[in-house]
Amino acid sequence: MLQVFGFDRIGVVIGDIYFIDPAPAKGQEGPERGVLTGSIYSARPIGIAEPVWRADLLESADGPPGSLNRAHHHPHMHGWEPGRRVFDRDLSGDPVGWVGTMLSDLEGLLDRAGITIDAALAADATSLRETVPDVQRAVASMLDQVKAGQLATAPAGDDLASARVSWL
């Protein structure tokens with residue numbers, strides 16, 4: 001499933017994922033599922049420009065649904081590729097609230113990404129803040145569907161490399 005919230009210059013994309021990292025960090029072995037294309041590391045071009053931030057609401061597929069034990073974000077992107085995973089206890093504890101807080105401060109996200117805020121981006125920040133409750137409902141619904149085994153499921157057969165990958 002893929003949901004998009006688009007504004008003049010900024011977009012928020014929410015999707016489900018199931019993948020196996022071919023080179024996992026210690027303690028992060030095995031498949032992951034959750035709400036997060038291209039290679040398993042890259043974001044897929046959806047609009048006109050590259051992503052500036054990404055949150056991956058992931059958990060070990062071998063663990064209990066809803067654990068979000070691998071939830072992290074990428075505050076820095078390099079083109080379409082994410083920077084290092086940054087873990088935050090608040091993200092795992094209240095993912096929907098945490099995402100809402102981060103998106104409510106679009107100016108801060110853009111500033112940390114090295115993007116100068118102009119009048120159009122400031123207007124998008126205002127529009128996004130007004131839309132955050134809708135984004136949060138979409139994230140909560142998608143997480144509920146992952147927990148229920150309806151989204152972010154393993155692909156049929158043994159071709160895990162073709163697993164659907166989407167991002168938030």
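Biologist: In which helix is Asp124 found?

Modeller: In this predicted model, Asp124 is found in helix H4, which covers residues 119–147.

Biologist: How should one read the surroundings of a charged residue such as Asp124: is Asp124 buried or exposed, and which side chain of opposite charge is nearest?

Modeller: A salt bridge requires a side-chain nitrogen of Lys or Arg within 4 Å of a carboxyl oxygen of Asp or Glu. Asp124 is buried but has no salt bridge. The nearest side chain of opposite charge belongs to Arg9, 6.1 Å away.

Biologist: Which backbone nitrogen does the side chain of Asp124 reach?

Modeller: That of Asp8, at 3.1 Å. Asp8 is also among the residues that Asp124 touches, together with Phe7, Arg9, Ile10 and Leu106, when residues up to four places away in sequence are not counted.

Biologist: I should next like to understand backbone angles. What sign of phi do most residues other than glycine have?

Modeller: Most residues other than glycine have a negative phi. Leu68 has a positive value, near 50°. Ala152, which is not a glycine either, has a positive phi of about 55°.

Biologist: Where does Leu68 lie, and where is Ala152 found?

Modeller: Leu68 lies in the loop between strand S4 (54–60) and strand S5 (72–74). Ala152 belongs to the segment after H4.

Biologist: Why does Leu68 count as buried, and why does Ala152?

Modeller: The cut-off for buried is under 20% relative accessible area. Leu68 counts as buried because its relative accessibility is 7%. Ala152 counts as buried because its relative accessibility is 4%.

How values were computed: Residues numbered from 1 in each chain as written. Predicted model: local features only at pLDDT ≥ 70, side-chain atom pairs only at ≥ 80, totals over all residues. Heavy atoms only, no water. Helix = DSSP H or I, 4+ residues; strand = E, 2+ residues; numbered from the N terminus. Buried < 20%, exposed > 50% of the residue type's maximum accessible area, 1.4 Å probe, protein only. Lys, Arg positive; Asp, Glu negative; His and termini not counted. Polar contact = N/O pair within 3.5 Å; in protein donor to acceptor, adjacent residues only side chain to side chain. Contact = heavy atoms within 4.5 Å.
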